[in-house]
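Me: I'd like to learn how to read a small sheet and the helix that comes before it. Could you walk me through it?

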Amino acid sequence: MIQSILIKNFIGYKQLNIKELAPINVIMGKNDSGKTGLLKLLYAISKTIDGYSRRLQNEDVLLKKLLAEKIFDTFQPGKRGIGELVTKGQKEKMSVNISFQHPGLNYNDRLHFTFGESTTNTIVDCQDAIKPISEHFRCLFIPAKEVLTPLKAIRTTREFNQIPGFDDTYLDLIRALVFPTQKGNFTDELKSVNRHLEDLFEGKIEQVNDDDFVFRKGNTEFSMALTAEGIKKIGILTTLIRNRQLNAHTVLFFDEPETTLHPEAIRSLMDMVLLMAKAGIQVFMATHSYFVIKQLAISSLKDDVKVLCLNLQRGENGISCDTTELKDGILPENDIITESLEMMNDELKMQFT
């Protein structure tokens, strides 16, 4: 999976250098600290390698062309193109050096590219090729907003009418969701994940005719418009497991998984994330939730899975990043924990004054 990253002059990041990423990587920080931007960049690069590998089987394809297109369609920048991603006021170009390693797929390679503020939709400084990855590899991005209700509208807008508005994280997820359910076995960990997630709401999301989805609970069927937001978020995961798009060779990007979920469901979902990691899935998630971080700390101790926390802070010199590993159930210092403690302190002061 993604082993290391070195990123310079990307949006607010002057430099981000992480030499060893983990099975689970949690990105924390205040609003406008670059969390979703980092998720999208790593996703666009990973998805490019996936698409490049598949197309290379039947045609000659330029890696740098696919990469530029994917970054553009993932970020949907303005008139000046992908050059808008370069940190403003910096003379140096944006550069990315990312390494991939997957022993299970016998994969090990690196991708490096750079471009400047004047770049619109073409990347010139990029290696010509990269080692193709196995067809079993998958790359998924789950946005904070659910996609099951507006699925047809998003697909029509982007895929058929070519109108921007919904970026590729939405379109790619929809394509993965409508993929037919596959027969065959999957790992015990993913069987357990699927069973526990469906048990959360005592029902499951199912695909019916014409790419429509419904929530089925016993003998009762609900349309997506009448289904709770939390059920739809969990239903996306169970659908992707059942149709094998979320498998043991997947890199999963999850933006604010806590959105629309009750704390009890958040805690259960984090337990399932740990099981996904044990099945071989690498997870990157951005969060503002104390429950997400605390439950990951508890679960990582119980299941012995490495969880790396990336704490982002925006200052005068741009976005900086401190990394800590969740160990022994202890939480790292960060703004989410600090605010939780401040709220408790405020309550105590009111009680004793």
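Me: In which sense do strand 8 and strand 9 pair, and over how many bridges?

Reply: Happy to help, and keep in mind that this is a predicted model. The general idea is that strands of a sheet pair through backbone hydrogen bonds, either parallel or antiparallel. Here, strand 8 and strand 9 are antiparallel, with four bridges between them. To find the register, look at Glu-206, which sits opposite Val-214 in strand 9.

Me: What links strand 8 and strand 9?

Reply: The two form a hairpin, with five residues between them. In that turn, Asp-210 has a positive phi of about 55°.

Me: How do I go on to the whole sheet, and which are the edge strands?

Reply: Follow the pairing across. Strand 9 (residues 213–217) is also joined to strand 10 by four bridges, again antiparallel, and Lys-217 faces Thr-220 in strand 10. The result is an open sheet of three strands in the order 8-9-10. Its edge strands are strand 8 and strand 10 (220–223), each pairing on one side only. From one strand to the next, the twist averages 35°.

Me: Which residues of helix 5 are buried, and what covers them?

Reply: For burial, take under 20% relative accessible area as the cut-off. In helix 5 (residues 188–200), the buried residues are Leu-190, Ser-192, Val-193, Asn-194, Leu-197 and Glu-198. Their cover includes strand 8 (204–207), helix 6 (229–242) and helix 7 (263–279).

Me: What follows helix 5?

Reply: After helix 5 comes Glu-202, with a positive phi near 50°.

Key. Residues are numbered from 1 along each chain as its sequence is written. This is a predicted model: local features need pLDDT of at least 70, side-chain atom pairs count only at pLDDT 80 or more; totals for chains, interfaces and linings use all residues. Side-chain values use heavy atoms; hydrogens and water are left out. The expected span of a helix is 1.5 Å times one less than its number of residues. Buried means under 20% relative accessible area, exposed over 50%, partly exposed in between (1.4 Å probe, protein chains only). Contact means heavy atoms within 4.5 Å. Two strands pair if DSSP finds at least two bridges between them. Axes are lines fitted to C-alpha atoms, for helices over the stretch in contact, and angles run from 0 to 180 degrees between N-to-C directions.
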